[in-house]
Amino acid sequence: MITIGCHLSSSKGYAAMGKEAVKINANTFQFFTRNPRGGKAKEIDPEDVSRFLAFAGEQKFPCILAHAPYTLNACSADEKVREFAWMVMKDDLARMEYTPGNYYNFHPGSHVGQGAQKGIALIAEMLNGILTEEQSTTVLLETMAGKGSEVGRSFEELREILDRVEKKEKMGVCLDTCHVYDAGYDLVNHLDPVLEEFDRIIGLSRLKAIHLNDSLYGWNSHKDRHARIGEGTIGLEAMIRIINHPALKNLPFYLETPNDLKGYGEEISLLQKFFVE
Ligand code: FE
Ligand code: FE
Ligand code: ZN
């Protein structure tokens with residue numbers, strides 16, 4: 001069975017997200033831990049969480065994926081912004097323990113002209129300052145499109161971050177199909193070589209989740225504009241090859257396409273139809 005879901009609004013809590021996911025035939029979902037533009041997180045309601053955990057157990061959800069706010073930037077030139085990043089990730093990881101054993105994805109950051117090496121060092125410094133032995137959450141670095149001064153535009157940059165993290169067993173990678181295609185990895189014509197490269201540089205065992213998005217702009221465009229499945233430059237055929245690739249087919253897939261719940265449901269059933277058991 002394919003593990004697939006989409007990004008859902010967390011404003012009504014965990015139990016509501018679980019119900020919404022099932023309504024569109026999904027068996028997982030992604031959500032923002034707080035407003036994507038930053039700010040304070042809503043208090044966790046333990047009753048809501050326990051309702052969700054019971055429901056997720058019944059429905060056999062294999063996992064869920066939390067997404068950090070976009071404003072989390074451990075490699076900003078501004079110390080206040082870096083402090084905010086530490087505070088948010090620490091708080092998010094504490095909150096994640098209400099739903100133990102899941103994934104927390106974040107954009108590595110933007111070095112804002114300080115250089116990728118400085119960025120990589122600051123990102124690893126945050127992870128080393130925050131990850132604990134006790135946490136049950138795996139923290140995922142997202143592959144980025146390379147827009148502006150984004151760190152994580154290449155497998156090498158992610159590898160360099162991972163190399164510097166002490167608690168490596170708490171770390172993984174989330175591959176965003178729109179981002180890597182935008183970053184210059186040709187998933188459409190060279191899926192096998194791209195995955196071989198990922199394996200050689202990072203290791204496929206580190207790959208824990210896929211953001212399944214088509215791309216509005218072309219290969220290597222560094223634009224980061226998502227499109228609906230089959231409506232972008234990656235196209236449906238390549239998407240079908242991606243979800244069925246032996247190295248990927250057992251991973252959870254998350255749609256972050258410009259869509260409403262009904263549209264997500266249609267994309268999910270389309271992908272389920274083409275998934276080969
Ligand atoms: Fe993201
Ligand atoms: Fe993404
Ligand atoms: Zn994106």
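Modeller: Let's start with a definition: a residue is buried under 20% relative accessible area, exposed over 50%, and partly exposed in between (1.4 Å probe, protein chains only). Now the small print: this is a predicted model, where local features need pLDDT of at least 70, side-chain atom pairs count only at pLDDT 80 or more, and totals for chains, interfaces and linings use all residues. Residues are numbered from 1 along each chain as its sequence is written, chains are lettered from A and ligands numbered from 1 in the order in which they are written, and side-chain values use heavy atoms, with hydrogens and water left out.

Colleague: Okay, why is glutamate 142 called buried?

Modeller: Its relative accessible area is 0%. The cut-off is under 20%, so glutamate 142 is buried.

Colleague: And what makes glutamate 142 a bridge?

Modeller: Glutamate 142 coordinates both the iron ion (ligand 1) and the iron ion (ligand 2), which are 3.2 Å apart.

Colleague: How do you know which residues are protein donors of the iron ion (ligand 2)?

Modeller: By distance: donors are N, O and S atoms within 2.8 Å of the metal (3.2 Å for Na, K and Ca), and water is not among the atoms, so sites may look incomplete. Glu142 (OE), Asp176 (OD), His211 (ND1) and Glu256 (OE) lie 2.0 to 2.2 Å from this ion. Those distances are within 2.8 Å, so these residues are its donors. Along the sequence they follow the pattern E-x33-D-x34-H-x44-E.

Colleague: What makes the arrangement around the iron ion (ligand 2) irregular?

Modeller: The angles do. Four donors are tetrahedral if all angles lie between 85 and 135 degrees; four are square planar and six octahedral if opposite donors are over 155 degrees apart and all others between 65 and 115; anything else is irregular. Here the four donor atoms subtend angles of 85 to 173 degrees, which makes the arrangement irregular. For comparison, ideal angles are 109.5 degrees for four tetrahedral donors.

Colleague: Which strands hold glutamate 142 and histidine 211?

Modeller: Glutamate 142 is in strand β6 (residues 138–142) and histidine 211 is in strand β9 (residues 207–212), 69 residues apart. Strands (E, at least two residues) and helices (H or I, at least four) are DSSP runs, numbered from the N terminus. Histidine 211 is buried too, at 0%.

Colleague: Which residues are the protein donors of the iron ion (ligand 1)?

Modeller: His67 (NE2), His107 (NE2) and Glu142 (OE), at 2.1 to 2.3 Å. Their sequence spacing reads H-x39-H-x34-E. Histidine 67 sits in strand β3 (residues 65–67), while histidine 107 is in the loop between β4 (103–106) and β5 (109–110).

Colleague: Why does histidine 107 count as buried?

Modeller: Histidine 107 has 17% relative accessibility, and that is under 20%, so the label holds. Histidine 67 is buried with 1%.

Colleague: What coordinates the zinc ion (ligand 3)?

Modeller: His179 (NE2), Asp224 (OD) and His226 (NE2) do, at 2.0 to 2.3 Å. The zinc ion is 5.3 Å from the iron ion (ligand 1). Aspartate 224 is buried at 15%, and its place is in the loop between β10 and β11.

Colleague: What is the phi of aspartate 224?

Modeller: About 55 degrees, a positive value, although aspartate 224 is not a glycine. Most residues other than glycine have a negative phi. Asparagine 220 has a positive phi as well, near 65 degrees.

Colleague: Why is asparagine 220 called partly exposed?

Modeller: Its relative accessibility is 33%, which falls between 20% and 50%, so it is partly exposed. Glycine 113 is exposed, with 66%.

Colleague: Last one: how do you know that α1 and α2 are roughly parallel?

Modeller: The axes of helix α1 (residues 14–23) and helix α2 (residues 46–58) come within 7 Å and cross at roughly 30 degrees. Axes are lines fitted to C-alpha atoms, for helices over the stretch in contact, with angles from 0 to 180 degrees between N-to-C directions. Under 35 degrees is roughly parallel, over 145 roughly antiparallel, 65 to 115 roughly perpendicular and the rest oblique. The two helices are therefore roughly parallel to each other. Residues in the contact (heavy atoms within 4.5 Å) include Tyr14 and Val22 of α1 and Phe52 and Phe55 of α2.
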